[in-house]
Amino acid sequence: LKVGLITADEVEFAGGKNANNTSYYLYNEQNYWTMSPYRWNSSTSYAYVFVVGSNGYLGAYYANDTRGLRPVINLKADTIISTGNGTIDSPFVVEGTE
C-alpha cells in the first residue's frame, strides 16, 4: 500500500492527455495539483508543476497558485477486493496478501 498525491503519469494513463477530456474517470470539473515537477523558471524563480485543469486538461502551472490536491492509494497487484462496490454506502474492503 502506497499513499501519496497523483502523478502526471497516472493522470495520463487514466486518459488525461494534453487536450480537453471530460470523459475519463478522474475528470471532476476541479483544478488539482499532481506531485510531478514540470520545470524551473530561473528568470521568475518559479517552480512549475503538472496540474489537471477544470476542463480535464493535463498542463503545468507555477507552484504559488491555489489549487486542490488529489490523493491516491496504490495497491499491490495481488490485493483482493472482498466486499463493496466503491460507493459511499458500500465502500471497497480490500485484503492484501503478503
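**Exercise 1. State where Val-94 lies, how accessible it is, and which surface patch it joins.**

Solution. Val-94 sits in strand S8, residues 93–95; strands (E, at least two residues) and helices (H or I, at least four) are DSSP runs numbered from the N terminus. The structure is a predicted model, in which local features need pLDDT of at least 70 and side-chain atom pairs count only at pLDDT 80 or more, while totals for chains, interfaces and linings use all residues. Residues are numbered from 1 along each chain as its sequence is written, and side-chain values use heavy atoms, without hydrogens and water.

Next, Val-94 has a relative accessible area of 42%, so it is partly exposed (buried is under 20%, exposed over 50%, partly exposed in between; 1.4 Å probe, protein chains only). Finally, Ile-73, Leu-75, Ile-81, Phe-92 and Val-94 make a nonpolar surface patch of about 480 Å².

**Exercise 2. Describe the order of the elements and the overall extent of the protein.**

Solution. The protein has 1 helix and 8 strands. Read from the N terminus, the order is β-α-β-β-β-β-β-β-β. The radius of gyration is 16 Å, well over the 13 Å that the globule rule gives for 98 residues, so the protein is more spread out than a compact globule; this radius is taken over C-alpha atoms, and the rule is 2.2 Å times the number of residues to the power 0.38. Along the principal axes, the C-alpha atoms fill a box of roughly 55 × 30 × 20 Å. Of the 98 residues, 23% count as buried.

**Exercise 3. Identify the largest nonpolar core and the contacts of Tyr-24.**

Solution. The largest nonpolar core has 10 residues: Ile-6, Ala-8, Val-11, Ala-14, Tyr-24, Leu-26, Tyr-32, Val-52, Leu-58 and Val-72. Helix H1 (residues 8–14) gives the most to this core, with 3 residues. Such a core joins buried Ala, Val, Leu, Ile, Met, Phe, Trp, Tyr and Cys residues through side-chain atoms within 4.5 Å.

Leaving aside neighbours within four places in sequence, Tyr-24 is in contact (heavy atoms within 4.5 Å) with Val-11, Ala-14, Gly-15, Gly-16, Val-52 and Gly-56.

**Exercise 4. Characterise Glu-29 and Ser-45 by phi, place and accessibility.**

Solution. Most residues other than glycine have a negative phi. Glu-29 has a positive phi near 60°, lies in the loop between H1 and strand S2 (32–41), and counts as exposed at 55% relative accessibility. Ser-45 also has a positive phi near 60°. Ser-45 lies in the loop between S2 and strand S3 (46–52) and, at 47% relative accessibility, counts as partly exposed.

How values were computed: Patches are made of residues with over 30% relative accessible area and no salt bridge: like charges are joined within 9 Å, nonpolar side chains (Val, Leu, Ile, Met, Phe, Trp, Tyr) within 5 Å. Accessible areas come from the Shrake-Rupley method with a 1.4 Å probe; for residues, only the protein chains shown count as cover. A salt bridge is a side-chain nitrogen of Lys or Arg within 4 Å of a carboxyl oxygen of Asp or Glu.
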